[in-house]
Amino acid sequence: MKDLKHLAFFEDLLQDSGNGLVEQSRAAGNHIERRPMEAPHS
């Protein structure tokens, strides 16, 4: 059950680009760059 709690936490982070980890990083003075993911080259 504990694993499901962590899974839900990380899923929520992926859903919100302005999540708590991003805000903590900004407060620490880190630069956050948002860009779309690229498709893998085959």
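A residue is called partly exposed when its relative accessible area lies between the buried limit, under 20%, and the exposed limit, over 50%. Glu23, at 39%, therefore counts as partly exposed. The structure discussed here is a predicted model, and the protein contains two helices and zero strands. Of its 42 residues, 10% count as buried.

**Overall dimensions and surface**

- The C-alpha trace of the protein spans about 35 × 35 × 10 Å along its principal axes.
- The accessible surface of the protein amounts to about 4400 Å², and carbon and sulfur atoms account for 56% of that surface.
- The protein carries 5 positive and 7 negative charges, and the mean positions of these two sets lie 5 Å apart.

**Helix H1**

- Helix H1 covers residues 2-15, which makes 14 residues.
- At 1.5 Å a residue, H1 should span 20 Å; the end C-alpha atoms are 20 Å apart, so the expected and modelled spans agree.
- Helix H1 is hardly covered, since one of its 14 residues is buried.

**Salt bridge in helix H2**

- The count of salt bridges in the model is one.
- The partners are Glu23 and Arg26, whose side chains meet with an N to O distance of 3.1 Å; this falls within the 4 Å cut-off, so the contact qualifies as a salt bridge.
- Both residues belong to helix H2 (residues 20-27), where they are three residues apart and thus separated by about one helical turn.
- An α-helix has 3.6 residues a turn, so residues three or four places apart point the same way.
- Glu23 has a relative accessible area of 39%, and Arg26 has one of 36%; both values lie between 20% and 50%, so each of these residues is partly exposed.

**Aromatic pair**

- A search of the whole structure yields one aromatic pair.
- This pair is formed by Phe9 and Phe10, with 5.2 Å from centre to centre and 75° between the planes.
- Planes over 60 degrees apart count as edge-to-face, so the arrangement of Phe9 and Phe10 is classed as edge-to-face.
- Phe9 is partly exposed at 45% relative accessibility, and Phe10 is likewise partly exposed, with a relative accessible area of 47%.

Conventions
Residues numbered from 1 in each chain as written. Predicted model: local features only at pLDDT ≥ 70, side-chain atom pairs only at ≥ 80, totals over all residues. Heavy atoms only, no water. Helix = DSSP H or I, 4+ residues; strand = E, 2+ residues; numbered from the N terminus. Expected span 1.5 Å × (residues − 1). Buried < 20%, exposed > 50% of the residue type's maximum accessible area, 1.4 Å probe, protein only. Phe/Tyr/Trp six-rings, centres within 6.5 Å; stacked < 30°, edge-to-face > 60°. Areas by Shrake-Rupley, 256 points an atom, 1.4 Å probe, with all protein chains shown as cover. Lys, Arg positive; Asp, Glu negative; His and termini not counted. Charge placed at Lys NZ, Arg CZ, Asp CG, Glu CD.
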